[in-house]
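Trainee: Could we go through this model together, and would you tell me what stands behind each term?
Mentor: Gladly, have a look here.

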Amino acid sequence: MINKAKGTYDVLPTESHKWASLEEKAREILTLFGYKEIRTPIFEYSEVFHRVNEQSDMVTKETYDFFDKGERQLTLRPEGTAGVIRSFVENKLYVENNLNKLFYIGPNFRYERPQKGRFRQFMQFGVEAIGSNDPALDAEVIGLAYFFIKKLGLKGVKVRINSLGDQDSRVAFKAALTAHFTPHKETLCEDCKNRLDKNPLRILDCKIDQKHPAVLSAPTPQDHLNDFSRDYFQAVLDYLDSAHITYEIASKLVRGLDYYTHTVFEIEADIEGFGAQNVLGGGGRYQSLVKELGGPDLPGIGFAFGMERLLLAMEAEEISFVDQHQPDIFILAIDKPARELAVKLLFEAREQNLVADMDYTGTNFKSQFKAALKSNSKYVIIIGEAELSNKVVSIKNTETQEQEQVPVKIAIRTIKNWLGK
Ligand code: HAM
């Protein structure tokens with residue numbers, strides 16, 4: 001037996017309806033907000049991810065990089081944003097619309113230490129709204145994430161928000177961090193010593209040094225916002241208030257990716273027993289990503305939810321998706337002539353959009369009967385010798401246990417009527 005690769009999981013038939021429902025819900029709500037789906041490749045040229053996030057753990061340690069047979073350097077996507085922006089630029093989507101509201105659903109790959117809620121292949125659904133500097137758009141994107149978790153019925157969830165400010169504010173903040181951490185350099189982990197020179201912001205989300213006293217007492221981005229950035233942040237908060245979106249200001253929040261400016265936010269599960277991986281989703285604004293990937297100088301904002309974590313949160317709050325796919329009909333047939341009629345009726349039923357099946361493994365009536373019970377169908381059609389010779393079928397309602405004989409010719413139509421379809 002060969003096992004699944006470390007950090008991956010199978011979605012088995014008993015679980016797959018949850019995934020289908022979650023995706024359906026996501027599509028429904030994203031469409032309500034005017035977002036259109038974009039599907040980009042699972043692998044990209046490595047520079048798509050490496051150019052824009054050089055110092056993040058995600059890119060320095062966690063990407064699956066490989067050369068193909070043509071010696072091209074490729075990377076399995078660790079997130080959706082960079083690939084979507086690459087596609088946005090390559091396909092010049094900005095020519096048609098001033099603002100592009102895009103969404104995506106798909107797998108991503110990060111070489112992380114697997115644990116509950118953290119995998120090496122995981123699913124995200126996310127959005128990117130590209131082309132506007134309006135703080136009302138920040139509120140819309142955050143509001144969309146908030147609206148979605150409400151619609152799922154999750155209660156113990158909160159929105160945490162902060163601002164990193166514009167480029168100038170970020171430069172001032174970085175300088176303050178360098179000054180703050182330099183006297184502690186020798187006590188920081190090896191990676192953080194390196195980060196201090198290259199991008200001190202990344203020290204703040206180091207998994208090793210997260211409890212280091214110098215990290216705990218570090219300056220926050222809020223202390224270094226210039227007037228423009230402070231006003232921008234205030235405007236975002238005002239819009240959130242007008243939309244009745246509750247949030248918490250998280251002055252230490254910086255997020256783990258390098259492309260963010262201004263607004264950053266996370267959606268956190270405050271659910272008992274949920275575990276350490278309690279960030280269900282996160283995102284923020286990016287001012288220069290489009291330009292860095294060769295496009296025009298356009299800003300964007302987006303977020304992504306981890307779908308495994310959403311399902312775990314729903315499980316923790318005992319919210320279930322109903323598996324609505326109860327079959328309509330299961331057919332039992334005694335011998336070959338009866339099975340010929342069964343095959344005919346099956347196709348007739350499907351033609352009428354009824355979910356219908358029969359048993360292809362059992363040889364005798366008893367095992368077919370077991371299969372019928374297991375299928376949990378609403379009606380069972382029985383074709384025995386007597387039925388065949390009388391050109392009728394017996395139809396049993398599995399809920400009421402009532403059974404009656406109906407002429408073959410109108411059997412499917414009759415069930416369709418009973419089902420009200
Ligand atoms: P991120 O915070 O790296 O942001 O990932 C977003 C969400 O994906 C996380 O909150 C988490 O729920 C889920 N996630 C991340 N890594 C894993 C993993 N190894 N296993 C399971 N779930 C995981 C981004 O990816 C940005 N692209 C979001 C964004 C969009 N920012 C702007 N636009």
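**Ligand and helix packing**

Mentor: A polar side-chain atom of Arg255 lies 3.0 Å from an oxygen atom of the ligand. This is a predicted model, in which local features need pLDDT of at least 70 and side-chain atom pairs pLDDT 80 or more, while totals for chains, interfaces and linings use all residues. Residues are numbered from 1 along each chain as its sequence is written, and side-chain values use heavy atoms, with hydrogens and water left out.

Trainee: What makes the Arg255 pair a polar contact?
Mentor: A polar contact is a pair of N or O atoms within 3.5 Å, and the Arg255 atom is 3.0 Å from a ligand oxygen, so the pair qualifies. Glu128 has a polar side-chain atom 2.9 Å from a ligand nitrogen, and a side-chain N or O atom of Gln124 is 3.0 Å from a ligand oxygen.

Trainee: How much of the ligand's accessible area does the protein cover?
Mentor: The protein covers 95% of the 650 Å² that the ligand has on its own, by the Shrake-Rupley method with a 1.4 Å probe.

Trainee: Why are helix 1 and helix 12 called roughly perpendicular?
Mentor: They pack at an angle of about 105°, with their axes 11 Å apart. Angles of 65 to 115 degrees count as roughly perpendicular, and therefore helix 1 and helix 12 are described that way.

Trainee: Which residues of helix 1 meet helix 12?
Mentor: Lys18, Trp19, Leu22 and Glu23 in helix 1 meet helix 12 residues including Met307 and Leu311, where contact means heavy atoms within 4.5 Å.

Conventions:
Polar contact = N/O pair within 3.5 Å; in protein donor to acceptor, adjacent residues only side chain to side chain. Axes fitted to C-alpha atoms, helices over the stretch in contact; angles between N-to-C directions. Helix = DSSP H or I, 4+ residues; strand = E, 2+ residues; numbered from the N terminus. Parallel < 35°, antiparallel > 145°, perpendicular 65-115°, else oblique.
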